[in-house]
Amino acid sequence: MISIKEAENIIRQNLPVRQIKNLGMDQLPGRILAKNIIAVEPSPRYSNSAMDGYAVRWSDIKTASADKPVSLSLTGESQAGVPFRGVLQPGQAARISTGAMICEGADAVVPQEETEVQDAVVQIKSAKKQHQHIRFEGEEFKSGAPLLTAGNKLGPAEIALLASQGITMVPVFHPAKVSVIVTGSELVAYDRLPKPWEIRDSNSPMLQTAISMAAGEVSHVARVGDDYDATMNALQQGMAESNIVIFSGGVSVGPHDLVKQVSADCGFETLFWRVRQRPGKPLFFARKDGTLLFGLPGNPVSAFMCFQYYINPVIRYLSGESFERPSTKAQLAVPIHNKISRAQLFRVTVDRESKPANPQVYPLEKQGSHMLTSLSDARGFILLDVEADLAAGEMVDVYPLY
Ligand code: AMP
Ligand code: MG
């Protein structure tokens, strides 16, 4: 049996190569950019007005004040989307709206509030400086300027920037395609009534949710009984459609635990089986070329904790994120002593209210690997080393559950 650290290292050494794919706008949210993006157009695209007001020639108005207004003749309008076609001559002004193109000849904008209009005459009552209230073409950035960097996560702002540049296909890391195969002759779909000796399959909805929340793509889901041929068929189909195949159940030592055998017969190389941990001792890991296979124990808590600890970082890595799992420091409210000879992924709650500056960590009383409430009641987990003997007040790393 290997340690948690050894298992992590083996997984790290077998990470598949990240794939890059050009995706269209509607598939970008939350994805991670795989290449740097440079500007193909300047921003603003054309010099335009920052205010609703009048486009003028600075030399005409530079002496204007409330006491000595300057009168100009109103000669036309530049509207957002409908530019003024002529050239502004000395003594002339053109009405202009925010965002409208600056007319040729104009080199300042006077806001509406600093003018008075009667018939076709505009009185300018204030002048601050040449180029006032003009947003110049390229003043934010020029063509060729760096806009976004590989590794950036694409949120609303990044997507708006890409859209403003007309960049429609964007290179991002392709999310991991993940298959879920749950095994067990005792399982029925969650929307079916189980016979007294059957149980509902809660692992496939759980794992599908966990994959989606890790930004992976669920590519194939199957449920099979403890049957060699059915398990083999499901694996072959899963392999064809994914980078990662996750089995639930069937990795222990019972006569009906077939996943290890099927995996080997399908050409997968076993990289480890069994980790000195609770929950999830029978965790199984194998690889065939670029496809990883994880065999999770069937107990829901074991399955989830193994997913979260070992598989979630792989899925996040393939989608372009760091392999390191995030954690926060918090203080143990009570002592915890690890009484078993395996490390534990120990579920805890975190009280952030009583001492907001110093969140307090409490272990969950019920840690049974068949008890789903030990997940739904938990806020995170801590890694309890073999022989850990932690005192109240110690700071620990708390990993979020998802
Ligand atoms: P196994 O690892 O196949 O020995 O399964 C261990 C236990 O986990 C079984 O006795 C079931 O009670 C439970 N289990 C297995 N698969 C599932 C599943 N898909 N959903 C819920 N519970 C399961
Ligand atoms: Mg089973």
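Biologist: The largest cavity has a volume of about 30 Å³, so why is this called a cavity?

Modeller: The term rests on a 1 Å grid over the protein atoms alone, and this space is called a cavity because a 1.4 Å probe fits at its points but cannot get out; the volume is the space filled by probe spheres set on the points, which are joined across faces, edges and corners. By this rule the count comes to 1 cavity of 30 Å³ or more. The model is predicted, so local features need pLDDT of at least 70, side-chain atom pairs count only at pLDDT 80 or more, and totals for chains, interfaces and linings use all residues. Side-chain values use heavy atoms, without hydrogens and water, while residues are numbered from 1 along each chain as its sequence is written, and chains are lettered from A and ligands numbered from 1 in the order in which they are written.

Biologist: What makes up the lining of the largest cavity?

Modeller: R278, P279, Q344, L345, R347 and Q367 line the largest cavity (each with an atom within 4 Å of a point). Strand β24, residues 343-351, gives the most, with 3 residues (strands are DSSP runs of E, at least two residues, and helices runs of H or I, at least four, numbered from the N terminus).

Biologist: What makes the largest pocket a pocket?

Modeller: A pocket is an open set of points with protein on both sides within 12 Å along at least five of seven lines, and the largest one has a volume of about 510 Å³. Of its 30 lining residues, the closest to its centre are G249, P297, G298, N299 and P300, while β15 (199-200) and α7 (300-318) each supply at least two residues of the lining.

Biologist: Why are β16 and β18 called edge strands of the open sheet?

Modeller: The 6 strands stand in the order β16-β13-β17-β21-β20-β18, with mixed pairing (at least two DSSP bridges between two strands). β16 (217-224) and β18 (269-273) each have a single partner strand, so one side of each is left without a neighbour in the sheet. Within this sheet, β17 (244-248) and β21 (291-296) pair in the parallel sense over 5 bridges, and I244 stands opposite L292 in β21.

Biologist: How do you know whether the chain is spread out or a compact globule?

Modeller: The chain has 8 helices and 28 strands. Its radius of gyration, taken over C-alpha atoms, is 32 Å, well over the 21 Å that the globule rule (2.2 Å times the number of residues to the power 0.38) gives for 402 residues, so the chain is more spread out than a compact globule. Along its principal axes, the C-alpha trace spans about 100 × 50 × 45 Å.
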